[in-house]
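This report examines how charged and aromatic side chains pair with one another. The sequence and the structure are shown first.

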Amino acid sequence: MSPVFPMLTVLTMFYYICLRRRARTATRGEMMNSRRTIESNSRTLPINSEVVQYAKEVLDFSSHYGSENSMSYTMWNLAGIPNVYPSSGDFTQAAVFRTYGTWWNQCPSASLPFRRTPQNFQSQDYVELAFEEPVYPTAVHVLETYHPGAIIRILACSANPYSPNPPAEVRWEILWSERPTKVNTPQARQFKPYIKQINFPSNLIRLEVNSTLLDYYTELDAVVLHGVKDRPVLKTSLIDMNDLDEEDYEEKDVCGMEALSKQFNSAALREWTNNGYFDKLPYELIQLILTHLTLPDLCRLAQTCKLLYQHCCDPLQYTHLNLQPYWAKLNDTSLEYLQSRCTLVQWLNLSWTGNRGFISVSGFGRFLKICGSELVRLELACGHFLNETCLEIISEMCPNLQELNLSSCDKLPPQAFNHIAKLCGLKRLVLYRTKVEQTALLSILNFCSELQHLSLGSCVMIEDYDVIASMIGAKCKKLRTLDLWRCKNITENGIAELASGCQLLEELDLGWCPTLQSSTGCFANLARRLPNLQKLFLTANRSVCDTDIEELANNCSRLRQLDILGTRMVSPASLRKLLESCKSLSLLDVSFCSQIDNRVVLELNASFPNVFIKKSFTQ
């Protein structure tokens, strides 16, 4: 018998099984004219009265545009009834995340992406909301009031945040997900996605967003949870074939798959006693092939044979380990399973992970004691399991650490940050929305003189930013990017020390710093002292004037992003001069600039088509 014949037989049988599946799909499709027909036939018995409730409380979030000490533009605005809807526009009563578009990925402060990030994980920010009563969700409605379309995932949790007893098990279930899509209008809408039924009641809902396709900040007003108290039981057995996974097919095609397996094993594979061509490939080439697999696929492949197990467990496959996409399931057991493979890990992303008891301090410590010696980059954003012991372990077990992200770790006690000063090789430090205090920060700046990127946005526990700016200017001569977003008391004195000492600065965020006044010459001084500036945010500083813009035009030819939202003192003529001088400029935010009306924006857009000129509005 020709060796080709058994393979043809195998392919024929496989094709036959596919036809059977397709025929069965068509038959069931004829029984259901539409999804609406299924829904009408799937009403529950007995009928439950639907509970409709707005969010009672905002439990957690990754970022927001607003301040920690006010309600304007903060995530806390999502609690309760709508404040804005159905109006459209930019309102301080809405919830707004910190970023939008691709601008933040194009800044000097942008971090390189992790390898092996699954394509279906594209979430950038999140917010978690608690509702009064646990229900089986039937609908989740989100009131979006400006630039909608950022929401890409909605999840429900089995844990009741108001229960006095901790749950034995915490489960997250995706109710709805979709890839980022462009919405062509900034107008308000009520977003009502078709959600999946789950088998547990929930009063904890999580929204995840991706704002890269948006032309401006998305604004959310309220979230409405619809649900029933009793678990629904379907009256009909009709099934929508679009909701079936491949696993559902496999169970019902046991006979066909068994026959195929027998034919394949007996005829085609009788003589295959080795690893085929894998035995002939160089070790390095197999390693290269495996780098294209996601982490779960790599773990599955390790179970197939000894050869691939050896490759899949090679520590070189885990030098970049991004565990953020698996935040909903990652726990101490997961870390213990990965421990032996991660002895050479250099980049580790544990952002969003470990909350609600998933990762313990001891589990985190055991992992770093084995896997921390080679770490160069450690991402721990929103890691609410962290405490002072964890930072002490990091300082002791990660001597080569150069990048540390503690963004929105707002539950870390102030004294914990003292341990960061032991990491003398740090080049990037993100402390956005943390409780770091002035004494600890001064110690960090004194010992970490190699810093190139520093984020202190919304750090409300710092008493005197002029002292901090003076220390930065004296100690951090290599600093390239600095985020002082919403620092409450920096003055022209601190800016002068900063500009004098950090002349390599390429990015500076002074948005919402109310104590800075253009009349002191601080902005003009910045422009003259920092010729390498590529990004400058002076958001909501009403005093920025034509003189400042002209100094930027004369001295900062590399400028790419400028935000002067809210100024009343800048004229169209100075903006035109800036656009003519700064050929690399790609973003210019002139929202709420009283002298820059829509007509001026249209004229500038026509003259400078490569620049995104943003003019926000309120109705």
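## Salt bridges within a helix

A salt bridge is taken here as a side-chain nitrogen of Lys or Arg within 4 Å of a carboxyl oxygen of Asp or Glu. The model is predicted, and by this rule 23 salt bridges are counted in it.

One of them joins arginine 300 to aspartate 297, with the closest N and O atoms 2.7 Å apart. Both residues belong to helix α6 (residues 295-301), where a spacing of three residues separates them by about one helical turn. Arginine 300 is exposed, with a relative accessible area of 52%, whereas aspartate 297 is partly exposed at 33%.

## A shared network of charges

Salt bridges with partners in common connect Glu128, Arg153, Arg206, Glu208 and Arg356 into one network.

## Salt bridges between distant segments

Strand β4 (residues 125-146) contributes glutamate 133 to a long-range pair. The side chain of glutamate 133 forms a salt bridge with that of lysine 229, at 2.9 Å from N to O. Lysine 229 is located in the loop between β9 (219-228) and α3 (246-252), and the two partners are 96 residues apart. Glutamate 133 has a relative accessible area of 29%, so this residue is classed as partly exposed.

A further salt bridge brings together the side chains of arginine 189 and glutamate 144, with an N to O distance of 2.6 Å. This pair also links distant parts of the chain: arginine 189 is in strand β7 (residues 189-191) and glutamate 144 in strand β4, 45 residues away. Are the two partners buried or exposed? Arginine 189 is partly exposed, with a relative accessible area of 27%. Glutamate 144, by contrast, is buried, because its relative accessibility is 0% and the limit for burial is under 20%.

## Aromatic pairs

Across the whole structure, 19 aromatic pairs are found. Among them is the edge-to-face pair of tyrosine 126 and tryptophan 352, whose centres are 4.9 Å apart and whose planes make an angle of 75°. Tyrosine 126 lies in strand β4 and tryptophan 352 in the loop between β11 (347-349) and α9 (361-371); the pair therefore ties together parts that are 226 residues apart in sequence. Tyrosine 126 is buried at a relative accessible area of 0%, and tryptophan 352 is buried at 4%.

Tyrosine 216 and tyrosine 217 provide another example: with ring centres 5.0 Å apart and planes at 75°, this pair is edge-to-face. Tyrosine 216 is buried at 1% relative accessibility, and tyrosine 217 counts as buried at 5%. Both tyrosines also belong to one aromatic cluster, formed by Tyr65, Tyr73, Tyr100, Trp104, Tyr146, Tyr216, Tyr217, Trp485, Trp512 and Phe537.

## Arginine 206 over two rings

Where does the charged end of arginine 206 sit? The charged end is placed over the ring of tryptophan 172, at 6.0 Å from the ring centre. Arginine 206 also lies over the face of tryptophan 327, where the distance to the ring centre is 3.7 Å. Arginine 206 thus appears in two settings: over tryptophan rings, and in the salt-bridge network with Glu128, Arg153, Glu208 and Arg356.

Notes. Residues are numbered from 1 along each chain as its sequence is written. This is a predicted model: local features need pLDDT of at least 70, side-chain atom pairs count only at pLDDT 80 or more; totals for chains, interfaces and linings use all residues. Side-chain values use heavy atoms; hydrogens and water are left out. Helices (H or I, at least four residues) and strands (E, at least two) are DSSP runs, numbered from the N terminus. Buried means under 20% relative accessible area, exposed over 50%, partly exposed in between (1.4 Å probe, protein chains only). Rings of Phe, Tyr and Trp (its six-membered ring) pair if their centres lie within 6.5 Å; planes under 30 degrees apart count as stacked, over 60 as edge-to-face and the rest as tilted. A charge sits over a ring if NZ of Lys or CZ of Arg is within 6 Å of the ring centre and within 35 degrees of the ring normal.
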